[in-house]
Amino acid sequence: MAHKVTLIPGDGIGPEVTAAAVRILEATGVKFEWESYAAGADAYEKYHEYIPKELTESVERTRVALKGPVTTPIGGGFSSINVQLRRQFELFCNFRPIRNLPGVATRYPGVDLIIIRENTEGLYSGIEHEVVPGVVESIKVITEKASTRISRWAFEYARKFGRKKVHAIHKANIMKLSDGLFIRCSRNMSKEYPEISYGEHIVDNTCMQLVTNPYQYDMLLLENLYGDIVSDLCAAFVGGLGLVPGANFGHECAIFEAVHGSAPDIAGRGIANPTAVTRSGILMLRHLGEQDAANRVKYAVHSVYREGKHITRDMGGEASTSEFADAVIEALQGEVWREQAERETNPV
Ligand code: NAI
(Lines give C-alpha, C1' and ligand atoms only; values in the text may rest on other atoms or scores of the structure.)
Protein backbone atom coordinates (compact mmCIF):
# COMPACT_ATOMS: atom_id res chain seq x y z
CA MET A 1 0.00 0.00 0.00
CA ALA A 2 1.26 3.48 -0.85
CA HIS A 3 2.11 5.92 1.95
CA LYS A 4 0.12 9.13 1.58
CA VAL A 5 2.48 12.03 2.25
CA THR A 6 1.90 15.78 2.00
CA LEU A 7 4.66 17.42 -0.02
CA ILE A 8 5.45 21.10 0.55
CA PRO A 9 8.13 21.95 -2.01
CA GLY A 10 8.63 25.44 -0.51
CA ASP A 11 10.39 28.20 -2.44
CA GLY A 12 13.95 29.30 -3.28
CA ILE A 13 15.94 26.07 -3.58
CA GLY A 14 13.03 24.15 -2.00
CA PRO A 15 11.44 22.80 -5.21
CA GLU A 16 14.88 21.76 -6.55
CA VAL A 17 16.01 19.85 -3.47
CA THR A 18 12.64 18.27 -2.69
CA ALA A 19 12.29 17.04 -6.31
CA ALA A 20 15.69 15.34 -6.00
CA ALA A 21 14.76 13.81 -2.64
CA VAL A 22 11.42 12.55 -3.94
CA ARG A 23 13.20 10.81 -6.86
CA ILE A 24 15.59 9.13 -4.41
CA LEU A 25 12.82 8.05 -2.04
CA GLU A 26 10.80 6.60 -4.91
CA ALA A 27 13.84 4.72 -6.21
CA THR A 28 13.79 2.62 -3.00
CA GLY A 29 10.65 0.92 -4.33
CA VAL A 30 8.57 2.20 -1.39
CA LYS A 31 5.27 3.49 -2.79
CA PHE A 32 4.15 7.04 -2.06
CA GLU A 33 1.08 9.07 -2.92
CA TRP A 34 2.23 12.67 -2.74
CA GLU A 35 -0.23 15.50 -2.09
CA SER A 36 1.67 18.61 -3.12
CA TYR A 37 0.85 22.14 -1.88
CA ALA A 38 2.52 25.53 -1.99
CA ALA A 39 3.02 27.55 1.20
CA GLY A 40 4.15 31.12 1.88
CA ALA A 41 4.29 33.84 -0.78
CA ASP A 42 3.70 31.35 -3.65
CA ALA A 43 0.55 30.05 -1.97
CA TYR A 44 -0.72 33.56 -1.40
CA GLU A 45 -0.65 34.26 -5.14
CA LYS A 46 -2.77 31.22 -5.86
CA TYR A 47 -5.01 30.80 -2.79
CA HIS A 48 -4.83 34.23 -1.05
CA GLU A 49 -3.67 32.36 2.05
CA TYR A 50 -0.09 31.75 3.22
CA ILE A 51 -1.02 28.31 4.51
CA PRO A 52 -3.89 27.17 2.25
CA LYS A 53 -6.78 25.34 3.84
CA GLU A 54 -6.11 22.47 1.41
CA LEU A 55 -2.57 22.06 2.81
CA THR A 56 -3.83 21.99 6.39
CA GLU A 57 -6.48 19.42 5.50
CA SER A 58 -3.91 17.31 3.69
CA VAL A 59 -1.57 17.19 6.73
CA GLU A 60 -4.55 16.40 8.96
CA ARG A 61 -5.31 13.48 6.66
CA THR A 62 -1.82 12.12 5.92
CA ARG A 63 -0.21 13.11 9.26
CA VAL A 64 3.16 13.12 7.52
CA ALA A 65 4.76 15.82 5.39
CA LEU A 66 8.06 16.32 3.60
CA LYS A 67 8.78 20.01 3.40
CA GLY A 68 11.21 22.26 1.56
CA PRO A 69 12.24 25.60 3.05
CA VAL A 70 9.93 28.61 2.85
CA THR A 71 11.20 32.20 2.74
CA THR A 72 10.12 34.46 5.62
CA PRO A 73 10.24 38.23 5.04
CA ILE A 74 12.61 40.01 7.43
CA GLY A 75 11.42 42.76 9.78
CA GLY A 76 7.82 42.78 8.50
CA GLY A 77 5.42 40.92 6.21
CA PHE A 78 3.75 37.63 7.04
CA SER A 79 4.91 35.58 10.00
CA SER A 80 7.00 32.45 9.48
CA ILE A 81 5.15 29.60 7.78
CA ASN A 82 7.46 27.16 9.54
CA VAL A 83 6.62 28.52 12.97
CA GLN A 84 2.90 28.56 12.10
CA LEU A 85 2.90 24.97 10.87
CA ARG A 86 4.80 23.77 13.94
CA ARG A 87 2.30 25.53 16.19
CA GLN A 88 -0.78 24.56 14.21
CA PHE A 89 0.04 20.84 14.37
CA GLU A 90 1.66 21.01 17.82
CA LEU A 91 4.95 19.72 16.45
CA PHE A 92 6.66 20.26 19.76
CA CYS A 93 9.91 18.46 19.05
CA ASN A 94 12.45 19.56 16.49
CA PHE A 95 14.89 16.68 16.07
CA ARG A 96 18.23 17.35 14.36
CA PRO A 97 20.93 14.68 14.17
CA ILE A 98 24.40 16.09 13.48
CA ARG A 99 26.77 13.55 12.09
CA ASN A 100 29.80 13.53 9.80
CA LEU A 101 29.51 11.84 6.45
CA PRO A 102 32.30 9.55 5.29
CA GLY A 103 34.68 11.25 2.87
CA VAL A 104 33.72 14.78 3.99
CA ALA A 105 36.81 16.28 5.59
CA THR A 106 35.98 18.76 8.35
CA ARG A 107 37.84 20.21 11.31
CA TYR A 108 35.83 17.89 13.53
CA PRO A 109 35.72 14.27 12.35
CA GLY A 110 33.49 11.76 14.10
CA VAL A 111 30.86 14.16 15.47
CA ASP A 112 27.65 12.38 16.47
CA LEU A 113 25.27 14.74 18.24
CA ILE A 114 21.51 14.84 18.59
CA ILE A 115 19.84 18.24 18.99
CA ILE A 116 16.38 18.33 20.53
CA ARG A 117 14.79 21.76 20.22
CA GLU A 118 11.51 22.80 21.84
CA ASN A 119 9.46 23.94 18.89
CA THR A 120 6.33 25.70 20.07
CA GLU A 121 7.17 28.52 22.48
CA GLY A 122 10.04 30.61 23.91
CA LEU A 123 10.68 33.84 21.98
CA TYR A 124 9.09 32.20 18.92
CA SER A 125 5.69 32.71 20.50
CA GLY A 126 5.58 35.83 18.32
CA ILE A 127 4.05 38.00 21.05
CA GLU A 128 5.51 41.38 20.20
CA HIS A 129 4.22 44.91 20.50
CA GLU A 130 5.35 48.50 20.40
CA VAL A 131 4.90 49.96 23.87
CA VAL A 132 5.56 53.54 22.70
CA PRO A 133 7.45 54.62 19.57
CA GLY A 134 11.06 53.52 19.99
CA VAL A 135 10.26 50.83 22.58
CA VAL A 136 9.12 47.29 21.68
CA GLU A 137 8.56 44.21 23.76
CA SER A 138 8.96 40.58 22.72
CA ILE A 139 7.61 38.11 25.21
CA LYS A 140 9.32 34.82 25.95
CA VAL A 141 6.82 32.18 26.99
CA ILE A 142 8.04 29.05 28.78
CA THR A 143 5.51 26.63 30.22
CA GLU A 144 5.91 23.65 32.50
CA LYS A 145 3.77 21.60 30.11
CA ALA A 146 5.92 22.19 27.01
CA SER A 147 9.22 21.96 28.90
CA THR A 148 8.22 18.67 30.53
CA ARG A 149 6.93 17.28 27.21
CA ILE A 150 10.16 18.05 25.33
CA SER A 151 12.31 16.74 28.19
CA ARG A 152 10.41 13.48 28.22
CA TRP A 153 10.82 13.15 24.46
CA ALA A 154 14.60 13.68 24.77
CA PHE A 155 15.08 11.16 27.57
CA GLU A 156 12.81 8.60 25.92
CA TYR A 157 14.84 8.93 22.73
CA ALA A 158 18.09 8.53 24.70
CA ARG A 159 16.76 5.39 26.38
CA LYS A 160 15.39 3.86 23.19
CA PHE A 161 18.49 4.50 21.09
CA GLY A 162 21.17 3.93 23.74
CA ARG A 163 22.40 7.52 23.94
CA LYS A 164 24.44 8.23 27.06
CA LYS A 165 24.10 11.90 28.02
CA VAL A 166 21.57 14.73 27.86
CA HIS A 167 22.62 18.34 28.48
CA ALA A 168 19.91 20.97 29.04
CA ILE A 169 21.10 24.31 27.62
CA HIS A 170 19.87 27.53 29.21
CA LYS A 171 20.48 31.09 30.34
CA ALA A 172 18.84 30.73 33.73
CA ASN A 173 21.49 32.92 35.36
CA ILE A 174 19.80 35.88 33.58
CA MET A 175 16.32 34.57 32.68
CA LYS A 176 15.81 33.11 36.10
CA LEU A 177 12.09 32.45 35.79
CA SER A 178 11.69 31.30 32.16
CA ASP A 179 14.91 29.34 31.61
CA GLY A 180 14.82 28.45 35.30
CA LEU A 181 11.52 26.65 34.70
CA PHE A 182 12.88 24.96 31.57
CA ILE A 183 15.86 23.43 33.39
CA ARG A 184 13.81 22.55 36.45
CA CYS A 185 11.56 20.46 34.21
CA SER A 186 14.53 18.74 32.51
CA ARG A 187 16.22 18.13 35.86
CA ASN A 188 13.06 16.56 37.28
CA MET A 189 12.67 14.42 34.18
CA SER A 190 16.30 13.25 34.38
CA LYS A 191 15.51 11.58 37.72
CA GLU A 192 13.25 9.11 35.91
CA TYR A 193 16.16 8.07 33.67
CA PRO A 194 19.02 7.29 36.08
CA GLU A 195 20.97 5.35 33.45
CA ILE A 196 21.36 8.53 31.35
CA SER A 197 23.83 11.10 32.53
CA TYR A 198 22.41 14.62 32.84
CA GLY A 199 24.10 18.02 32.78
CA GLU A 200 23.19 21.70 32.49
CA HIS A 201 25.26 24.25 30.61
CA ILE A 202 24.73 27.95 30.00
CA VAL A 203 24.15 28.62 26.29
CA ASP A 204 27.05 31.02 25.65
CA ASN A 205 29.51 28.70 27.36
CA THR A 206 27.97 25.82 25.39
CA CYS A 207 28.90 27.52 22.10
CA MET A 208 32.49 27.87 23.28
CA GLN A 209 32.54 24.30 24.61
CA LEU A 210 31.10 23.02 21.33
CA VAL A 211 33.77 24.57 19.13
CA THR A 212 36.49 23.53 21.59
CA ASN A 213 35.37 19.95 22.04
CA PRO A 214 32.05 18.84 20.50
CA TYR A 215 32.73 15.25 21.59
CA GLN A 216 31.90 16.06 25.22
CA TYR A 217 28.20 16.25 24.24
CA ASP A 218 25.84 13.49 23.17
CA MET A 219 22.36 15.05 23.17
CA LEU A 220 21.53 18.74 23.57
CA LEU A 221 18.11 19.73 24.87
CA LEU A 222 17.30 23.37 24.15
CA GLU A 223 14.45 25.85 24.20
CA ASN A 224 13.39 27.21 20.82
CA LEU A 225 15.76 30.09 20.01
CA TYR A 226 18.90 28.49 21.45
CA GLY A 227 18.06 25.32 19.49
CA ASP A 228 17.77 27.31 16.28
CA ILE A 229 21.12 29.05 16.71
CA VAL A 230 23.08 26.08 18.07
CA SER A 231 21.78 23.86 15.21
CA ASP A 232 23.43 26.06 12.57
CA LEU A 233 26.63 26.18 14.60
CA CYS A 234 26.66 22.38 14.84
CA ALA A 235 25.86 22.04 11.11
CA ALA A 236 29.26 23.60 10.44
CA PHE A 237 30.99 20.74 12.32
CA VAL A 238 29.92 18.24 9.71
CA GLY A 239 30.21 20.24 6.50
CA GLY A 240 27.45 22.84 6.51
CA LEU A 241 23.75 23.43 6.09
CA GLY A 242 23.51 21.42 2.87
CA LEU A 243 23.87 18.23 4.92
CA VAL A 244 21.86 18.45 8.12
CA PRO A 245 18.37 16.94 8.25
CA GLY A 246 15.53 17.55 10.65
CA ALA A 247 12.13 16.37 11.77
CA ASN A 248 9.29 18.10 13.59
CA PHE A 249 7.37 15.64 15.71
CA GLY A 250 4.05 16.02 17.49
CA HIS A 251 1.78 13.41 19.00
CA GLU A 252 -0.42 13.37 15.87
CA CYS A 253 1.71 14.49 12.91
CA ALA A 254 5.30 14.84 11.76
CA ILE A 255 6.86 17.22 9.24
CA PHE A 256 10.30 16.39 7.89
CA GLU A 257 12.50 19.25 6.69
CA ALA A 258 16.16 20.22 6.43
CA VAL A 259 17.70 22.67 8.89
CA HIS A 260 18.61 25.06 6.05
CA GLY A 261 16.51 27.84 4.56
CA SER A 262 15.52 28.75 1.01
CA ALA A 263 19.06 29.91 0.08
CA PRO A 264 17.97 32.72 -2.28
CA ASP A 265 21.62 33.29 -3.21
CA ILE A 266 21.75 30.01 -5.17
CA ALA A 267 18.06 29.39 -5.99
CA GLY A 268 17.07 28.44 -9.55
CA ARG A 269 20.56 27.38 -10.63
CA GLY A 270 20.26 23.64 -10.05
CA ILE A 271 23.32 23.58 -7.79
CA ALA A 272 21.77 23.28 -4.31
CA ASN A 273 22.73 20.29 -2.23
CA PRO A 274 19.75 17.95 -1.74
CA THR A 275 21.51 15.87 0.95
CA ALA A 276 19.82 17.56 3.92
CA VAL A 277 16.30 17.09 2.59
CA THR A 278 17.14 13.56 1.42
CA ARG A 279 18.35 12.71 4.91
CA SER A 280 15.14 14.27 6.27
CA GLY A 281 13.47 11.77 3.94
CA ILE A 282 15.45 9.00 5.65
CA LEU A 283 13.98 10.12 8.97
CA MET A 284 10.55 10.07 7.33
CA LEU A 285 11.06 6.53 6.04
CA ARG A 286 11.93 5.44 9.60
CA HIS A 287 8.81 7.18 10.91
CA LEU A 288 6.76 5.28 8.31
CA GLY A 289 8.29 1.99 9.46
CA GLU A 290 10.36 1.55 6.27
CA GLN A 291 13.62 0.78 8.06
CA ASP A 292 15.24 -1.19 5.23
CA ALA A 293 14.57 1.55 2.71
CA ALA A 294 15.84 4.14 5.23
CA ASN A 295 19.09 2.22 5.69
CA ARG A 296 19.52 1.79 1.96
CA VAL A 297 19.20 5.53 1.33
CA LYS A 298 21.49 6.25 4.28
CA TYR A 299 24.29 4.06 2.95
CA ALA A 300 23.72 5.13 -0.66
CA VAL A 301 24.26 8.75 0.44
CA HIS A 302 27.33 7.69 2.45
CA SER A 303 28.75 5.83 -0.52
CA VAL A 304 28.31 8.84 -2.86
CA TYR A 305 30.25 10.96 -0.36
CA ARG A 306 32.86 8.29 0.23
CA GLU A 307 33.45 8.09 -3.52
CA GLY A 308 33.44 11.90 -3.79
CA LYS A 309 32.81 12.07 -7.57
CA HIS A 310 29.25 13.41 -7.61
CA ILE A 311 29.07 15.94 -4.82
CA THR A 312 27.68 19.46 -5.07
CA ARG A 313 29.59 22.75 -5.04
CA ASP A 314 29.00 23.61 -1.39
CA MET A 315 30.97 20.44 -0.60
CA GLY A 316 33.75 21.18 -3.07
CA GLY A 317 32.39 19.15 -5.99
CA GLU A 318 30.84 20.07 -9.32
CA ALA A 319 27.70 17.95 -9.48
CA SER A 320 24.33 19.55 -10.00
CA THR A 321 21.40 18.83 -7.70
CA SER A 322 20.03 16.22 -10.09
CA GLU A 323 23.44 14.61 -10.80
CA PHE A 324 23.85 14.06 -7.07
CA ALA A 325 20.40 12.44 -6.96
CA ASP A 326 21.28 10.21 -9.94
CA ALA A 327 24.44 9.05 -8.14
CA VAL A 328 22.49 8.20 -4.97
CA ILE A 329 19.91 6.29 -7.00
CA GLU A 330 22.68 4.30 -8.66
CA ALA A 331 24.30 3.57 -5.28
CA LEU A 332 20.93 2.32 -3.99
CA GLN A 333 21.45 -0.79 -6.07
CA GLY A 334 24.40 -1.88 -3.82
CA GLU A 335 23.91 -4.39 -1.01
CA VAL A 336 26.54 -3.30 1.54
CA TRP A 337 24.06 -1.38 3.66
CA ARG A 338 22.56 -4.33 5.53
CA GLU A 339 25.69 -5.33 7.41
CA GLN A 340 26.58 -1.72 8.27
CA ALA A 341 23.06 -0.95 9.45
CA GLU A 342 23.28 -3.57 12.17
CA ARG A 343 26.29 -1.89 13.75
CA GLU A 344 24.94 1.65 14.04
CA THR A 345 22.28 3.46 16.00
CA ASN A 346 22.49 6.89 14.35
CA PRO A 347 19.40 7.38 12.15
CA VAL A 348 21.25 9.13 9.31
P1 NAI B 1 19.87 29.59 4.38
O2 NAI B 1 19.97 28.32 5.15
O3 NAI B 1 18.83 29.66 3.33
O4 NAI B 1 21.29 29.90 3.69
C5 NAI B 1 22.50 30.10 4.43
C6 NAI B 1 23.70 29.78 3.53
O7 NAI B 1 23.78 28.36 3.36
C8 NAI B 1 23.59 30.37 2.12
O9 NAI B 1 24.87 30.76 1.71
C10 NAI B 1 23.08 29.22 1.28
O11 NAI B 1 23.47 29.28 -0.09
C12 NAI B 1 23.72 28.01 1.97
N13 NAI B 1 22.86 26.82 1.83
C14 NAI B 1 21.73 26.54 2.53
N15 NAI B 1 21.20 25.40 2.13
C16 NAI B 1 21.99 24.93 1.15
C17 NAI B 1 21.95 23.77 0.32
N18 NAI B 1 20.98 22.85 0.43
N19 NAI B 1 22.93 23.60 -0.60
C20 NAI B 1 23.93 24.49 -0.72
N21 NAI B 1 24.02 25.60 0.04
C22 NAI B 1 23.06 25.83 0.96
O23 NAI B 1 19.69 30.75 5.46
P24 NAI B 1 19.24 32.27 5.27
O25 NAI B 1 19.91 32.87 4.10
O26 NAI B 1 19.45 32.84 6.61
O27 NAI B 1 17.67 32.22 5.04
C28 NAI B 1 17.06 32.36 3.77
C29 NAI B 1 15.55 32.27 3.95
O30 NAI B 1 15.17 30.96 4.38
C31 NAI B 1 14.96 33.24 4.98
O32 NAI B 1 13.78 33.78 4.45
C33 NAI B 1 14.66 32.37 6.18
O34 NAI B 1 13.59 32.87 6.94
C35 NAI B 1 14.27 31.06 5.49
N36 NAI B 1 14.45 29.88 6.34
C37 NAI B 1 13.50 28.90 6.22
C38 NAI B 1 13.62 27.75 6.93
C39 NAI B 1 12.60 26.70 6.75
O40 NAI B 1 11.74 26.81 5.91
N41 NAI B 1 12.63 25.63 7.56
C42 NAI B 1 14.77 27.52 7.86
C43 NAI B 1 15.74 28.58 7.85
C44 NAI B 1 15.56 29.73 7.12
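This text describes the ligand site of a predicted model and then the interface between its two domains. Residues are numbered from 1 along each chain as its sequence is written, and side-chain values use heavy atoms, without hydrogens and water. Local features need pLDDT of at least 70 and side-chain atom pairs pLDDT 80 or more, whereas totals for chains, interfaces and linings use all residues.

The ligand is surrounded by 21 residues, of which Val-70, Gly-261, Ala-263, Asp-265 and Asn-273 come nearest; a residue is near if one of its heavy atoms lies within 4 Å. This shell divides into 9 nonpolar, 8 polar and 4 charged residues, with Gly counted as polar. Backbone N or O atoms of two residues approach the ligand: that of Gly-261 lies 2.7 Å from an oxygen atom, and that of Asn-273 lies 2.9 Å from a nitrogen atom. A polar side-chain atom of Glu-257 lies 3.1 Å from a ligand nitrogen. The protein buries 70% of the 810 Å² that the ligand exposes when taken alone (Shrake-Rupley method, 1.4 Å probe).

The domain assignment, automatic or from a database, gives domain 1 (1–101 + 239–348) and domain 2 (105–238). Their C-alpha centres lie 23 Å apart. Across the interface, 26 residues of domain 1 are in contact with 33 of domain 2 (heavy atoms within 4.5 Å). The two domains bury about 2,400 Å² between them, 53% of it on carbon and sulfur atoms; this is the accessible area (1.4 Å probe) lost on being put together, summed over both. In domain 1, Phe-92, Ile-98 and Asn-100 lose the most area to domain 2, together 30% of what that side buries. The count of salt bridges between the domains is 1.

Note on methods
A polar contact is a pair of N or O atoms within 3.5 Å; within protein, one must be able to donate a hydrogen and the other to accept it, and residues adjacent in sequence count only if both atoms are side-chain atoms. A salt bridge is a side-chain nitrogen of Lys or Arg within 4 Å of a carboxyl oxygen of Asp or Glu.
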